[in-house]
Each structure stands twice: as structure tokens, then as C-alpha cells.
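Visitor: I would like to learn how to read a model like this one. Where should we begin?

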Amino acid sequence: EKIPILAKAKLSNSECVQLKQRSLTTKFFDEVKKVLTFRAFIANNIGIDLGTANTLIYLQGEGIVLNEPSVVAMLKVRGDYVPYAFGMKAKMMLGKTPEGIEAIRPLKDGVIANLHPAKAMIRHFIAVANKKRRTINSPVIIICVPSGSTPVERHAIQDAAENSGANEVFLIEETMAAAIGANLAVTKATGFMILDLGGGTIEVAIISLGGIVYSRSVRAGGDL
């Protein structure tokens with residue numbers, strides 16, 4: 001900052017230099033405070049629709065930032081298969097891969113059928129969706145699951161998300177997530193029927209008072 005002429009007349013050269021240094025230091029810390037705000041330390045809230053056909057990722061405040069096919073291409077290296085491509089790039093390889101490359105769908109009927117590729121796919125999709133927003137903490141993730149999924153299948157989904165670097169993982173039934181997304185008053189004493197037609201499962205549920213009164217899941221869908 002500029003030092004007033006009158007002030008300069010009363011200060012020695014060394015004092016003027018010290019005053020300028022203090023002023024620059026104050027500016028520096030002011031800029032640091034602006035950058036290191038509370039939002040810089042908190043984690044992103046991420047919603048994942050882990051579907052048999054496609055995976056969608058939602059970032060709070062930004063909306064849907066990723067919509068990719070749930071397909072992984074695995075490359076055989078020294079007897080082991082390692083992830084090679086994900087999403088649309090991997091889907092283009094289905095039925096066209098040479099020896100040593102295998103394109104697979106790690107999910108079947110809405111749940112994880114192949115854990116290792118599913119973990120790699122979730123980790124990759126989260127990294128792609130979250131690359132523009134750097135946070136110190138790991139993200140908090142909510143994942144949709146079929147209402148008819150077993151505890152073992154739900155544990156596999158939660159384990160895959162936790163191994164992808166999540167801080168906390170919460171599971172929510174697909175029908176409940178659909179009702180909340182449609183802005184229905186799910187906490188009121190009113191019955192709502194939800195029908196979710198997916199690629200691997202068809203879900204139907206009656207929702208009232210913040211819970212699922214009745215649900216039915218059929219392991220068939222539009223991804224033939």
C-alpha cells in the first residue's frame with residue numbers, strides 16, 4: 001500500500017520498509033483466509049444411481065454431472081485382469097474385444113455381480129465427477145439400491161463405495177429416492193404409489209409417513 005507523504009517524512013527508510021512488509025503480509029493472509037474458507041474443508045455430497053444399464057452421479061449444488069453406461073473393460077496382465085476402460089468407451093468394446101481384453105457389466109439385476117470391477121468403476125466415476133471440486137475430506141455418498149436386494153447384496157454395494165474413498169456411505173431404496181426427487185410429501189399421512197422401471201429391475205412401492213408400506217421388486221427390466 002502507498003504510504004502517505006506526511007508519514008514518510010516522519011519515518012526512517014528502514015521503518016518504511018518494515019511498514020510495507022507488514023502491509024504485504026496482511027494482504028497475503030487476507031487472501032489465504034478467502035481461499036481457506038469452511039467450504040474448502042467440507043466434503044462434497046454425492047448421490048449415485050448405480051444402475052444395471054447406466055450409472056448417474058449427482059453433486060449437491062451442481063446437479064447430474066455424470067451419466068455413463070455401467071460397463072468395465074478388463075485387460076489381462078500377467079494372468080490377472082486390471083481395469084482398462086469405463087463407461088461409454090468400455091461399452092463400445094462389448095462383443096468386439098480381442099484376446100486379453102474382456103468387457104463386462106459388473107452389475108446384474110440392480111446389484112453388484114462382480115465386486116472388483118464394480119469397485120474400480122465406482123472409484124473412476126467419482127473421480128471424474130469430482131475432479132473440478134477439490135476438497136480435503138472424502139465425499140459423503142448416498143447410493144440407491146433395489147428394495148428387494150438382500151443384506152449381502154447391500155453390503156457389497158456399501159463395501160464398493162467405501163473402498164472408492166468415501167467418508168460415509170448411506171443406502172436408500174430406489175423408490176424412496178424417486179419419490180423424494182419428484183418432490184412428493186413422503187412424510188405426510190398420504191399414500192403414494194411409485195413405479196420405477198429400470199434396466200435390471202422393476203420396482204413398485206407404496207410410501208407413506210416417511211417409510212415404505214409395501215414394496216415389490218422384479219428382477220427384470222428394459223436392458224435386454
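Guide: Begin with burial: a residue is called buried when its relative accessible area is under 20%, exposed when it is over 50%, and partly exposed in between. This is a predicted model. Buried residues make up 33% of the 224 residues in the protein.

Visitor: Which secondary structure elements does the protein have, and how many of each?

Guide: The protein has seven helices and 13 strands. Its accessible surface comes to about 13800 Å², and 57% of that belongs to carbon and sulfur atoms.

Visitor: What share of the contacts comes from residues 24 or more positions apart?

Guide: Among contacts with a separation of 6 or more, residues 24 or more positions apart account for 51%.

Visitor: Let us turn to sheets. How do strands of a sheet pair?

Guide: In general, strands pair through backbone hydrogen bonds, and the pairing is either parallel or antiparallel. In this structure, an open sheet of three strands has the order β11-β12-β13, and its pairing is antiparallel.

Visitor: Which strands stand at the edges of that sheet?

Guide: The edge strands are β11 and β13. Each has a single partner strand, so one side of each is left without a neighbour in the sheet. From one strand to the next, the twist averages 15 degrees.

Visitor: How many bridges join β11 to β12?

Guide: Six bridges join these two antiparallel strands. As one bridge pair to look up, Leu-197 has Ile-202 in β12 as its partner.

Visitor: What lies across the sheet?

Guide: Helix α7 lies across β11, β12 and β13, and runs at about 65 degrees to β12.

Visitor: What general idea helps in reading a helix against its surroundings?

Guide: An α-helix has 3.6 residues a turn, so residues three or four places apart point the same way. In the present case, the buried residues of α7 are Glu-174, Thr-175, Met-176 and Ala-179.

Visitor: What covers the buried residues of α7?

Guide: The cover includes β11 (192-197), β12 (202-208) and β13 (211-218), which form the open sheet. It also includes β9 (140-145) and β10 (168-173).

Visitor: Take Thr-175 as an example. Is Thr-175 buried or exposed?

Guide: Thr-175 is found in helix α7, which spans residues 174-181. Its relative accessibility is 0%, so Thr-175 counts as buried. Leaving out residues up to four places away in sequence, Thr-175 touches Ile-194, Glu-203, Val-204, Ala-205, Ile-207 and Ile-212.

Visitor: What comes after the helix, and what should one check there?

Guide: Check the backbone torsions: just after α7, Asn-183 takes a positive phi of about 60 degrees, although Asn-183 is not a glycine. Asn-183 lies in the loop between α7 and β11. At 71% relative accessibility, Asn-183 counts as exposed.

Visitor: Where is Ala-185?

Guide: Ala-185 is placed in the loop between α7 and β11. With a relative accessible area of 30%, Ala-185 is partly exposed. Its C-alpha atom is separated by 8.6 Å from that of Ser-208, and the two residues are 23 residues apart along the chain.

Visitor: What phi does Leu-209 have?

Guide: Leu-209 has a positive phi of about 55 degrees and is not a glycine. Leu-209 is found in the loop between β12 and β13, and counts as exposed at 60% relative accessibility.

Visitor: Next, salt bridges. How many salt bridges are counted, and what is the rule?

Guide: The rule asks for a side-chain nitrogen of Lys or Arg within 4 Å of a carboxyl oxygen of Asp or Glu. By this rule the count comes to two. In one of them, the side chains of Lys-119 and Asp-159 meet at 3.3 Å, N to O.

Visitor: What parts does the Lys-119 and Asp-159 pair tie together?

Guide: Lys-119 lies in helix α5 (residues 115-129) and Asp-159 in helix α6 (residues 151-162), so the pair ties together parts that are 40 residues apart in sequence. Lys-119 is buried, with a relative accessible area of 18%, whereas Asp-159 is partly exposed, with 22%.

Visitor: Which residue forms a salt bridge with Glu-173?

Guide: Glu-173 forms a salt bridge with Arg-154, and the closest N and O atoms are 3.4 Å apart. Glu-173 lies in strand β10 and Arg-154 in helix α6, so this pair ties together parts that are 19 residues apart in sequence. At 24% relative accessibility, Glu-173 counts as partly exposed.

Terms used
Residues numbered from 1 in each chain as written. Predicted model: local features only at pLDDT ≥ 70, side-chain atom pairs only at ≥ 80, totals over all residues. Heavy atoms only, no water. Helix = DSSP H or I, 4+ residues; strand = E, 2+ residues; numbered from the N terminus. Buried < 20%, exposed > 50% of the residue type's maximum accessible area, 1.4 Å probe, protein only. Contact = heavy atoms within 4.5 Å. Pairing = 2+ DSSP bridges. Axes fitted to C-alpha atoms, helices over the stretch in contact; angles between N-to-C directions. Areas by Shrake-Rupley, 256 points an atom, 1.4 Å probe, with all protein chains shown as cover.
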